[in-house]
Amino acid sequence: MHVPVLLQETLAALDLKPGDKVLDCTFGRGGHTREFLKFVGPHGLVIGLDVDRAALKAVEEFKDEPAFRFARCNFRHLDSALALADVRQVNKVFFDFGVSSPQLDSSWRGFSYLHEAKLDMRMDERQRESAYEVVNAYAEAKLAEILWEYGEERWSKRIAAFIVEARANRPIETTQELVSVIKAAIPKEVRDKEDQHPARRTFQALRIAVNDELNSLKEALPKAVQALARGGRLACISFHSLEDRAVKQFMVESAKGCICPPAIPQCVCQVNPTLRLLSRKVIAPAASAIEANPRCRSARLRAAERL
Ligand SMILES: C[S@@+](CC[C@H](N)C(=O)[O-])C[C@H]1O[C@@H](n2cnc3c(N)ncnc32)[C@H](O)[C@@H]1O
């Protein structure tokens, strides 16, 4: 049984009411959606979005649910998805960023450094560029930049150089070929001291780059606020510091409003705040939840209310 991450905390943050219209931007297997439907009741609506074709299988399970609709699209286009569904405003918007466990565990999709697979990592298989193109065609400097910016990998330059050297002989085709190159690039004494897999940061970086994850998130958040009715709520679960930082920055700036430089004594921009933070502190899973599902260890929830 799939237990949605930070479920009780999310339900508390969203404060769902009968009749609410909810936008679940990351439907996945519908774990959160299933719970949202219980609260909104027959007069409410839950719209699920997901780019991944695999989500359609879970959508099947909701086919007899009149309060549910689904659109296969990137959440960066959530405004168009709502317009197509003829919904002007919603009361709650929810994001559970990143990849799902089934995506990680589907060995053939290439998301995991633990399974041998073709280099792919596309959440949306209609997209042309996969991890294969990034690894085999990007310039060394660009590769190093991706590994540093999206993976915070301190061996980024060396790994990029080793990738370029390896692919000069023949393309790097699979996850395990890439893992070998990464292992060769990071000195053994460093690898031995780390408790995490040496390829973890590189794989995270490549996945973020292939799916343009941070830009999608940054485009989607203002649209989510725009879609919310006054008093509506926005809740976001992040899985790594880059996502959480982007969410935090967006929420804090939206709650501040004014964008005048600090040197100006009186506000001239007249930008009003659009959000009220529900808590300054980020919400993390309880120790018992981490014990039951170690993968939720890095989940972080932030929530805000539309002003
Ligand atoms: C962590 S899972 C969500 C799990 C879901 N909350 C559940 O309980 O089943 C994230 C999902 O978001 C989807 N996703 C990631 N980025 C997306 C984007 N930019 N647009 C739409 N869906 C996206 C992924 O395909 C994946 O299915």
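A residue counts as near a molecule if one of its heavy atoms lies within 4 Å of it. That's the cut-off behind the ligand views of this predicted model.

**View 1. The shell of residues around the ligand.** Here 23 residues surround the ligand. The closest are His32, Asp50, Phe75, Asp96 and Gln103. Sort the shell by class and you get eight nonpolar, 11 polar and four charged residues.

**View 2. Polar contacts to the ligand.** Zoom in on Asp50, one of the closest residues: an N or O atom in the Asp50 side chain sits 2.7 Å from an oxygen atom of the ligand. Asn74 deals with a nitrogen atom of the ligand instead, with a polar side-chain atom 3.0 Å away from that nitrogen. Phe27 joins in through its backbone, where an N or O atom lies 3.4 Å from a ligand oxygen atom. As for coverage, the ligand on its own has 600 Å² of accessible area, and the protein covers 95% of that.

**View 3. The second largest pocket.** This pocket comes in at a volume of about 150 Å³. Its lining is made up of Glu129, Tyr138, Lys142, Glu145, Ile146, Glu149, Tyr150, Ile208, Ala209 and Asp212. By class, that's five nonpolar and five charged residues, with no polar ones.

**View 4. Helices at the second largest pocket.** Two helices, α7 (140-151) and α11 (200-210), each put at least two residues into the lining. Which helix gives the most to the lining? That would be α7, with five residues.

Terms used: Residues numbered from 1 in each chain as written. Predicted model: local features only at pLDDT ≥ 70, side-chain atom pairs only at ≥ 80, totals over all residues. Heavy atoms only, no water. 1 Å grid on protein atoms, 1.4 Å probe; cavity = no way out; pocket = protein on both sides within 12 Å on 5 of 7 lines; lining within 4 Å. Points joined across faces, edges and corners; volume = space filled by probe spheres on them. Helix = DSSP H or I, 4+ residues; strand = E, 2+ residues; numbered from the N terminus. Nonpolar A, V, L, I, M, F, W, Y, C, P; charged D, E, K, R; others polar. Polar contact = N/O pair within 3.5 Å; in protein donor to acceptor, adjacent residues only side chain to side chain. Areas by Shrake-Rupley, 256 points an atom, 1.4 Å probe, with all protein chains shown as cover.
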